[in-house]
Amino acid sequence: MNDLLEIKDLTIHYVTDGGTVRAVENLNLRLGHGETLGFVGETGAGKTTTALGIMRLIPSPPGVVKSGRIIFDGEDLLTKSEAEMRAIRGGKIAMIFQDPMTSLNPVMTVDKQIAEMIRLHRDVDKAESLKLAGDMLELVGIKRERMHDYPHQFSGGMKQRVVIAIALACDPGLLIADEPTTALDVTIQAQVLELMKKLKQQFGASMILITHDLGIVADICDKVAIMYAGRVVEYADKRALYANPTHPYTIGLFNSVPDLDEDRESLNVIPGLMPDPMDLPAGCAFHPRCAYATSVCSESKPEMMEAAPGHFVACPIRGRERK
Amino acid sequence: MKRNGWVVLLIILACVAGLTYHQMRRQQQAEEYGYESVPARSASGEGGRTDAKDVLVVADQYDATSMDPIAHNDVPSSRAVYSLYDTLIFADDEGNIFPGLAESWELLSGTEYKFNLRKGVKFHNGDELNAEDVRHAIMRATTDAGARIAVYSQNVKDVQVIDDHTLVIELKKTDYSFFPSLTHSWAAIYSKRAFEELGDGFGMNPAGAGSGPFKFVSWQKGNKYVLERFDDYWGPKPRVKTIEVRSIPEPTSRTIALETGEADIIFPVVHNDLRRVDENENLVLYRKPQNSITYVGFNVTKPPFDNVNVRRAVASALDVAGIQAASYRGVGNAPGSLVPSAVKYSLNDVTPVRERDVELAKKLLAEAGVNDLRLEIWTNERKERVDSATIIQAQLEEAGIKSEIKVLEWGAYLNGLLEKRHDLFILGWVNSIPDPNYAISGLLESSALGSTNYTFFSDAKLDELLDRGRGLEDGDERAALYKEMQLYIDEQLPMIYLHNDESIAGTRKNVRGFEPRSNEIHSFREVYFE
Amino acid sequence: MIRYIVRRILFLIPVLAGVAFCVFTLLYLTPGDPAKMVLGEMATERAIQEFREREGLDKPFLMQFANYVYKAVTRGDIGRSYVTKRPVMDEILAAFPATLKLAAFAIVIAIIIGLPCGILSAIKQYSIFDTAAMIFAMIGLSMPVFWLGLLLILLFSVHLRWLPPSGFDTFQAMILPSLALSAQSISMITRMTRSSMLEVIRADYIRTARSKGQKESVVIWRHALHNALIPVVTLCGLQFGQLLSGAILTESIFAIPGVGRLMVDSIKARDYPVVQGGVLFVAVAFSLVNLLVDLLYAYIDPRIKAQYK
Amino acid sequence: MDAPVLKSNKKRGALMEVLFRLKKSPLAMFGFFFIIFLAFTAIFADVLAPHPYQRQNLSHAFETPSKQFLLGTDEFGRDILSRLIYGARVSLQVGFIAVGIALFAGGMLGAAAGYYGGWADNAIMRVMDVMLSIPQTLLAIAIAAALGPGLFNLMIAVGISAVPNYARIVRGSVLSLREMEFIEAARAVGSSDLRIITKHIIPNSMAPIIVQSTLGVASAILNAAGLSFIGLGIQPPYPEWGAMLSGGRQYIRDYPHLTLYPGLAIMLTILALNFLGDGLRDALDPKLKR
């Protein structure tokens, strides 16, 4: 089976006066048609950079794609011209950003913002595009009469619905959602997630869902990639990963989720802090915080290994144990 | 950003250095090749004016303040009035009187002047001149409306209208300086009817009121006023159709306006532009001694300046001629007397300018028992006066007198003077009327205390002499009396004479029939283009 | 919206009363007797006394002020000039067109130059153009207007003979003064446009627009510029208000008979009614321009509009 | 926490940090050193000036730059360089003291308005509105005319006319600080209002005040020069740059150096202060740093 998206050895750096930030290092990922991938990690792990890398929207300077390939639908996005990329952005890959409060242009009515997307990728006239924009709004659960309103007239949850409407307006093959619910109230979160899940199925799109919330992943994802300090440290089917978290960092993540069933006083927090991305530890970036670490860990970068079929992990210690 | 910042900064510094260098080079070249010549502007750039030019553009330093003949006492306004109105009599620059609106006149007695008016004189509103108009104009000047020119009008008792074209002006007491004052703009005659119709707006918009060679068109304050030839004028008709008088306070701008042909006549030309105008073959420079004096006055009521020897000491510490030359740079000269040369009975040209004697100054001070004299020198903002004050300060210092300069704007200056808070002050006095009485009385007579006598000099002998002088007809006796007065004043030294100014004007070469007047009331009546 | 405007205008009233009081007090403290200044040095004591009575200058300070306010409120009468005898309003309205013309020229120049420079600087951040533009903007801010005016005269009038050094009747004559006057505004607009653009270009909605596959030029012109302009418009308005009232030095160098010069001359001549009326006028003009700016603001920024209820 | 808070116990560290950040901007460093240089010049004017500022030598009038007179002489043959050096003293004095006056008065009013709020706030800020609606130049002219000429009066005129600017800024930062926890805490332990204002609020609102003051010194110098230019400033023969410029403008065609150098002096000083102010703004407010 041909994957919809395959990322190979992607490395993205931010070069600044103060030093080089290794935001993404040798990242490998695959995503099949119709699949939903959960992309989990702490803030600063490189999730958003990866997403922007796929969109080729890394701000440059200071961002530089150092190496790697991003194969989408059989073609390497990194070799595309800017004009070709523009046709792909929005048309084939659409993105939903984290903060709906700021991701809509405040001085443009929402229908126009949706219509802009439609007119860019579909051969329709202005009136038609506005009509379609209204349809999209209804689809995401906003009344048509509000289509001429400005973003500030909507609540946060509704704004995110508008953003979703924009993203889905041109029926993209891949939807990248960058923490789409983090900025929303908890009650709204569920509604928006539900909507995304529904629409994703309706449109038959694949989706990358960036989040640090393992609960959300459990709710909608098929596959999960765990990211730490610019690398994917574990990649597996959702069930496999939840049943059998292998990488020490993943284990740490799961332990730090409060479990209502257990009656414990304190959470198991991963000791230490995320390393400074300008000055990553040698070897495995996680080893200073790792309970399993041995001398090997500080010497060489761990390779990805298949601990179980379809379950990849970048830890020589734990990976071998599972085998 | 870092590197770029330094680069651009360096470029700027280089520019500054380059400018400085250029400046030095320029001066060097100027020294090597003589004075740098500014290329004259080509004829094509002269605003497209052709030979049939009939708009005369005049650039004055200041705008007029009022066109009501009696509501002002400044030369720019007087000039406007002189174009718009006529007086009963006119005077030429030598002080010779000739007929104006009055065809002839007669001195009935020391206090009565009879005038026979010219017939058929039209005002700009079409009315004919009538003795009633004259009566109204002169009598209005004696009311508070004429407070600014009260010095001239205060002696008028009444004006009797004999018939439509005959009238008699009655004075309160004999004053032979009164008659020539009728040539001054205060005595300009206007239509009574026009005045009543215009009401309060008269001063700003005197349309129809005058009988002069030009009629009022418009006035935009602070910018310019426009006058137009009056075709029914009784006298010789002006040859330009329109005059436009602009005010350009900045001297450099004024000269540039003349050079570029934007203006046809400019005045005053400042000293550092004299040569520039003179040497430009498209321009003509006119210079004429002015009936004015700039003086350094003492507050004689304030110790130690009530002591004439202290005043003498201060005067001796100053090199008046040097100060004059340095502040006015070749314009005018240091006076010998209070009465300017062009005014009759003046000793200006025969009295030597006071010489500097620092030792004498120190001696006089020591004798007067004044040690460590400190004083303030007051002046208004006029550059030459501030310059003079600056040099005076430096020279006093050499005689051991410490001083401080205070430059005050006009309102605060007058106020301070009236409150007698001053020590030394620099002020000027213009004689619009060529009679020695006006040169002295306004500055030093007791009657002028609280108005224009800022030295607060009050001397029974001088008052008596002035009174006698006014009661005498011109002649040897009067001449001797005014000469005595001048010597007496020099002895009393209430003021040090600093400067006799010049009336300086520049014109384009094609402007004819213009000459500056020594009382600054320049006339455009005869100006034409060649 | 109407209610908002009405409220703003009503709010002006106490401010104006305050301004009037401020000016009244200042003038009261200023040395120099208006009667003496108006009637001349030779005026008789009686004439001076009469003048004081007629103009109410013999009354106690607060009475004078109350009287002024009373007349202004009941009859809209802010007095007549001591010097010209004309109503103060006529004096001001005669001087205002020159100031308005100067300010309009200056602000237009400032926008024409400042806006593109600011935008270009932001788009090409850290380029040599950006650095140069920023440094020149800083120089413009630091250049005293009276010096710049003299330099412009020296260059364009004295040396090149291109433009007249004074007057304001012709278009050519307006160029130098407006240029001198606009230097500060150019600089401020350039700097403001740049920083506003930089901020906007990093905004999430710009990323959204890019993620739609929109062309970079469209992203800049349609999405970024509109948003970036909001604070710039405010600045332009404020600058215009400043120029309307603050061109005193420029007007005096270039001999332009505007409101600024009228004010200074009136202070010097102790023409109190004109000073009072003039400052009030300037304050009203300034406040109205600010109100207009706020309304314009509402027009270009729908978020603000909602607040003006 | 969003606001850049310089905690008092870390004052030195914060200062060093600011200097460190400042060092990264060449323009700000240029400004910094230029002002230091200028202050040095002003303080040691008596030693540095090659000639007394008031010494006239009429036979040397209008000389262009030479070895004897590095920047030439003016219309009285006075050494322009010496006058510029003494002029630095005047300008810096006027700039700093005027801002001092404005800062003191404006700071007090602004702090009181922001801290007490309500009625006091309303009253104070309405007065400030009144002052703000009179153009600053005009206000300064009116005050200068009312006070009469002189260095001290000039400072007062320029200072007073700038009061509202500082009142607004101080009020703004006090308002934002007032509700912060550490102020609440101080209040809870019973600190007096005055103590809270002087010990907590003022130190913590320093950043915007420092920036505004630096830029304020620039505009005060500019304002004072403008007043001198129209004749409402310093008394001769004391040299003030604006007055020197004004005095030389009549000779601009023949001897432009009379206006060129004072103008440059004003411009460079203002430029330096503006660069420094901008640099400080960036250094003190990391949010704006890109």
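Visitor: Is the crossing of H10(D) and H12(D) left-handed or right-handed?
Guide: Happy to start there, keeping in mind that this is a predicted model. H10(D) covers residues 206-229 and H12(D) covers residues 257-284, and their axes lie 8 Å apart. Their crossing is left-handed.

Visitor: How do the directions of H10(D) and H12(D) relate, roughly parallel or roughly antiparallel?
Guide: The two helices of chain D pack at an angle of about 170°. Angles over 145 degrees count as roughly antiparallel. That angle therefore makes H10(D), relative to H12(D), roughly antiparallel.

Visitor: Which residues of H10(D) and H12(D) make the contact, and how many of them are nonpolar?
Guide: On H10(D), the contributors include D:Ala207, D:Ile210, D:Val211, D:Thr214 and D:Leu215. H12(D) answers with residues including D:Ile266, D:Thr269, D:Ile270, D:Asn274, D:Gly277 and D:Arg281. By class, the contact has one charged residue, four polar ones and, to end on the number you asked for, 15 nonpolar.

Visitor: What does chain D look like in terms of helices and strands?
Guide: Read from the N terminus, the elements of chain D run α-α-α-α-α-α-α-α-α-α-α-α. Its C-alpha trace spans about 75 × 45 × 30 Å along the principal axes. The tally for chain D is zero strands and twelve helices.

Visitor: What percentage of the residues in chain D is buried?
Guide: A residue counts as buried when 20 or more other C-beta atoms lie within 10 Å of its own. Chain D has 290 residues, and the buried part of them makes up 55%.

Visitor: Among the contacts in chain D with a separation of 6 or more, what share comes from residues 24 or more positions apart?
Guide: Here we set aside pairs in chain D with a separation below 6. Of the contacts that remain, residues 24 or more positions apart account for 70%.

Visitor: Over in chain A, are H5(A) and H6(A) roughly parallel or roughly antiparallel?
Guide: H5(A), residues 156-168, and H6(A), residues 186-203, have axes that come within 10 Å and cross at roughly 15°. Angles under 35 degrees count as roughly parallel. So H5(A) is, with respect to H6(A), roughly parallel.

Visitor: Which handedness does that crossing of H5(A) and H6(A) have, left-handed or right-handed?
Guide: The contact involves A:Gly156, A:Gln160 and A:Ile164, among others, from H5(A), and residues including A:Ile188, A:Leu195 and A:Phe203 from H6(A). These contact residues divide into eight nonpolar, four polar and one charged. The crossing of H5(A) and H6(A) is right-handed.

Visitor: Which helix gives the largest share of the side of chain C that touches chain D?
Guide: In this pairing, 35 residues of chain C are in contact with 34 residues of chain D. Helices giving two or more residues to that side of chain C include H1 (2-29), H10 (216-246) and H13 (272-300). By class, that side has 27 nonpolar, eight polar and no charged residues. The largest share, seven residues, comes from H1(C).

Visitor: How many charged residues does chain C have on the side that touches chain B?
Guide: Here 37 residues of chain C are in contact with 41 residues of chain B. H6(C) gives the largest share of that side, four residues. By class, the side of chain C that touches chain B has 19 nonpolar and eight polar residues, and the charged ones number ten.

Visitor: How far apart are the centres of domain 1 and domain 2 of chain C?
Guide: The domain assignment gives domain 1 as 32-77 and domain 2 as 92-305. Taken over C-alpha atoms, the centres of these domains of chain C are separated by 39 Å.

How values were computed:
Residues are numbered from 1 along each chain as its sequence is written. Chains are lettered from A and ligands numbered from 1 in the order in which they are written. This is a predicted model: local features need pLDDT of at least 70, side-chain atom pairs count only at pLDDT 80 or more; totals for chains, interfaces and linings use all residues. Axes are lines fitted to C-alpha atoms, for helices over the stretch in contact, and angles run from 0 to 180 degrees between N-to-C directions. Angles under 35 degrees count as roughly parallel, over 145 as roughly antiparallel, 65 to 115 as roughly perpendicular and the rest as oblique. A crossing is left-handed if the near helix is turned anticlockwise from the far one by less than a right angle, and right-handed if clockwise. Two residues are in contact if their C-beta atoms, placed from the backbone, lie within 7 Å. Ala, Val, Leu, Ile, Met, Phe, Trp, Tyr, Cys and Pro count as nonpolar, Asp, Glu, Lys and Arg as charged, and the others, Gly among them, as polar. Domain bounds come from an automatic or database domain assignment. A residue is buried if 20 or more other C-beta atoms lie within 10 Å of its own, exposed if 12 or fewer, and partly exposed in between; C-beta atoms are placed from the backbone.
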